[in-house]
Amino acid sequence: MPYLSKTDPAIADYLTKELKRQQEVLELIPSENIVSRAVLEALGSVATNKYSEGYPGRRYYGGNLEIDKIESAAIERAKQLYGAEHVNVQPLSGAPANMAVYAALLEPGDTVLGMDLSHGGHLTHGHPMTVMAKIYNFVRYKTEPDGTIDLDKLRALAVAHKPKIVLAGFSSYTRTIDYAGFKSVADEIGAITMMDMAHIAGLIAGKQLENPVSLFDVVTTTTHKTLRGPRGGMILAREQYAKAIDKAVFPGLQGGPHENVIAAKAVAFQEALHPSFAEYALQIMKNASVLCDELRNKGFTIAFGATENHMILFDAFASKGVGGKKAERALDEAGITVNKNVIPDDTRPPLDPSGVRIGTPALTTRGMKEAEMRFVADAIDRVLNDPDNDTVKQTVREEVRALCARFPIYSGLSYV
């Protein structure tokens with residue numbers, strides 16, 4: 001790719017170093033993945049040049065004949081993937097997708113029942129610092145000490161607060177959700193059901209976890225994470241909500257959609273429709289289960305008690321006496337990328353919480369399996385047992401480089 005290095009050598013250099021970083025580290029952040037070369041190609045395509053405000057067949061700009069075909073393909077593939085009645089592929093990410101649903105289905109002051117942030121919920125599920133919390137009233141439910149969600153307590157909150165939306169879904173929760181139970185609670189009070197499946201969309205597409213689309217009124221998601229597409233969002237909904245949701249996305253919250261991203265979404269959806277994607281999703285979960293068991297055996301305190309998806313949240317402070325911030329930095333220096341994260345009812349500050357969140361999508365994309373997960377657990381344990389020991393971190397770093405060399409990514413890709 002000679003053009004970038006000639007016109008902007010500084011950015012070419014930064015991208016070259018970022019490529020090298022990705023090739024040589026163990027990427028354990030559960031919201032990150034490694035897209036295919038085909039997705040990268042679509043993302044960097046000429047579709048980035050086109051303005052296309054509106055929807056296929058109803059644009060405010062001319063010249064959208066091929067763009068309409070691209071967006072329509074993305075929509076139809078998503079419908080096939082999840083069995084959805086209506087799909088909007090224009091949201092720029094998961095947060096705007098959630099905001100669009102609220103704008104479409106709520107009036108200011110209406111109540112939403114969503115998961116508490118420290119118990120696994122997302123910022124857009126009602127954290128007081130968000131814009132949404134200034135417009136709508138959020139009531140938050142929590143998990144039990146064993147990591148489950150008590151549906152009787154959920155029902156009591158619903159009956160007491162009469163939310164217009166009962167919201168399932170999470171950002172750092174590692175157990176499965178009883179969709180039928182949530183729907184029963186919502187039906188009892190006449191509420192709309194909404195699921196944020198951003199983290200597990202790929203596991204659902206790969207038929208390893210239950211699909212909420214047939215049960216819930218509205219489902220939102222990102223298109224990266226386990227789905228292994230470009231960074232973006234999507235809304236799947238019953239047909240009765242289609243018009244309101246489309247209007248909330250455009251012109252309500254966004255202008256021209258990013259059609260290069262939508263093209264890349266279409267490519268990713270096609271990849272997820274292939275039978276091999278189910279094998280990939282199954283391996284993600286196998287890897288997470290082994291990694292969780294190995295960490296537990298090494299004395300780590302596992303939040304929510306177990307993992308039933310791609311993600312593990314452990315209490316680094318209780319396990320090793322190391323705060324999440326220091327644990328993240330030490331592991332990063334050893335070539336293991338994680339993110340610090342709050343645990344249920346965390347007493348430490350958000351920027352230095354007790355927990356560390358890890359996941360297996362990216363490692364699974366590279367082809368790693370159970371044996372490699374055992375190495376990962378051992379490496380994490382060695383680093384966090386002595387996070388200030390530079391010799392240990394350097395030893396692990398060299399071992400990580402050697403492991404990554406056995407599972408290469410983006411061979412031949414160059415920005416110079």
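Thr337 sits in strand 13. In this predicted model, Thr337 has a relative accessibility of 10%, so it counts as buried, the cut-off being under 20%. Leaving out residues up to four places away in sequence, Thr337 touches Arg21, Val25, Leu26, Glu27, Leu28, Ile29 and Asp332. Please keep Asp332 in mind, since the next item is helix 14, and helix 14 covers residues 324-333.

Which residues of helix 14 are buried? They are Gly324, Ala327, Ala330 and Leu331. Around the helix axis these residues take up an arc of only 130 degrees, which means that they lie on the same side of helix 14. The background is short: an α-helix makes a turn every 3.6 residues, so residues three or four places apart point the same way.

What do the buried residues of helix 14 pack against? On the strand side of the list are strand 13 at 336-337, strand 14 at 339-341 and strand 15 at 355-359. The helices in the list are helix 13 at 316-320, helix 16 at 370-385 and helix 17 at 390-406. Strand 13 is the element that holds Thr337. After helix 14 comes Gly335, with a positive phi near 85 degrees.

From that list, let me pick up helix 16. Ala377 is one of the residues in helix 16. Buried or exposed? Ala377 has 0% relative accessibility, and therefore it is classed as buried. Not counting residues up to four places away along the sequence, the contacts of Ala377 are Leu291, Glu294, Leu295 and Lys298. Arg296 gives a distance for the same region of sequence: Ala377 and Arg296 are 81 residues apart in sequence, and their C-alpha atoms are 9.4 Å apart in space.

A second alanine is worth setting beside that one. Ala264 belongs to helix 11, residues 259-273. Ala264 also has a relative accessibility of 0%, so it too counts as buried. With residues up to four places away again excluded, Ala264 touches Val39, Ala42, Leu43 and Pro230. Here the C-alpha distance I have is to Gly359: Ala264 and Gly359 are 95 residues apart along the chain, and 23 Å separates their C-alpha atoms.

Now the exposed positions, starting with lysines. Lys17 is in helix 2, residues 9-24. Its relative accessibility is 53%, so Lys17 is counted as exposed, for which the cut-off is over 50%. How far apart are the C-alpha atoms of Lys17 and Tyr415? The separation is 9.7 Å, for two residues that are 398 residues apart along the chain.

Two further lysines concern backbone angles. Lys162 is not a glycine, yet it has a positive phi of about 50 degrees. Lys162 lies in the loop that runs between helix 7, residues 151-161, and strand 7, residues 165-169. With a relative accessible area of 53%, Lys162 is exposed. Lys207 likewise has a positive phi, near 60 degrees, in a residue other than glycine. The loop in question for Lys207 is between helix 9, residues 201-205, and strand 9, residues 218-222. Lys207 is exposed as well, its relative accessible area being 68%.

One more backbone item. The peptide bond from Phe250 to Pro251 is cis, and its omega is near 10 degrees. Where is Pro251? Pro251 is in helix 10, residues 242-253.

Last, the chain as a whole. How many helices and strands does the protein chain have? The count is 17 helices and 15 strands. The radius of gyration is 22 Å, close to the 22 Å from the globule rule for 416 residues, so the chain is as compact as a globular protein of that length. The C-alpha trace spans about 60 × 60 × 40 Å along its principal axes. Of the 416 residues, 55% are buried. If we take contacts between residues at least 6 apart in sequence, 74% of them join residues at least 24 apart.

On the surface, the accessible area of the chain is about 17,300 Å², and carbon and sulfur atoms account for 53% of it. The charged side chains number 46 positive and 50 negative, and the centres of these two sets are 3 Å apart.

Terms used:
Residues are numbered from 1 along each chain as its sequence is written. This is a predicted model: local features need pLDDT of at least 70, side-chain atom pairs count only at pLDDT 80 or more; totals for chains, interfaces and linings use all residues. Side-chain values use heavy atoms; hydrogens and water are left out. Helices (H or I, at least four residues) and strands (E, at least two) are DSSP runs, numbered from the N terminus. The radius of gyration is taken over C-alpha atoms; the globule rule is 2.2 Å times the number of residues to the power 0.38. Buried means under 20% relative accessible area, exposed over 50%, partly exposed in between (1.4 Å probe, protein chains only). Contact means heavy atoms within 4.5 Å. Accessible areas come from the Shrake-Rupley method with a 1.4 Å probe; for residues, only the protein chains shown count as cover. Lys and Arg count as positive and Asp and Glu as negative; His and the chain ends are not counted. The place of a charge is taken as NZ of Lys, CZ of Arg, CG of Asp or CD of Glu. The arc is that of the directions from the helix axis to the C-beta atoms.
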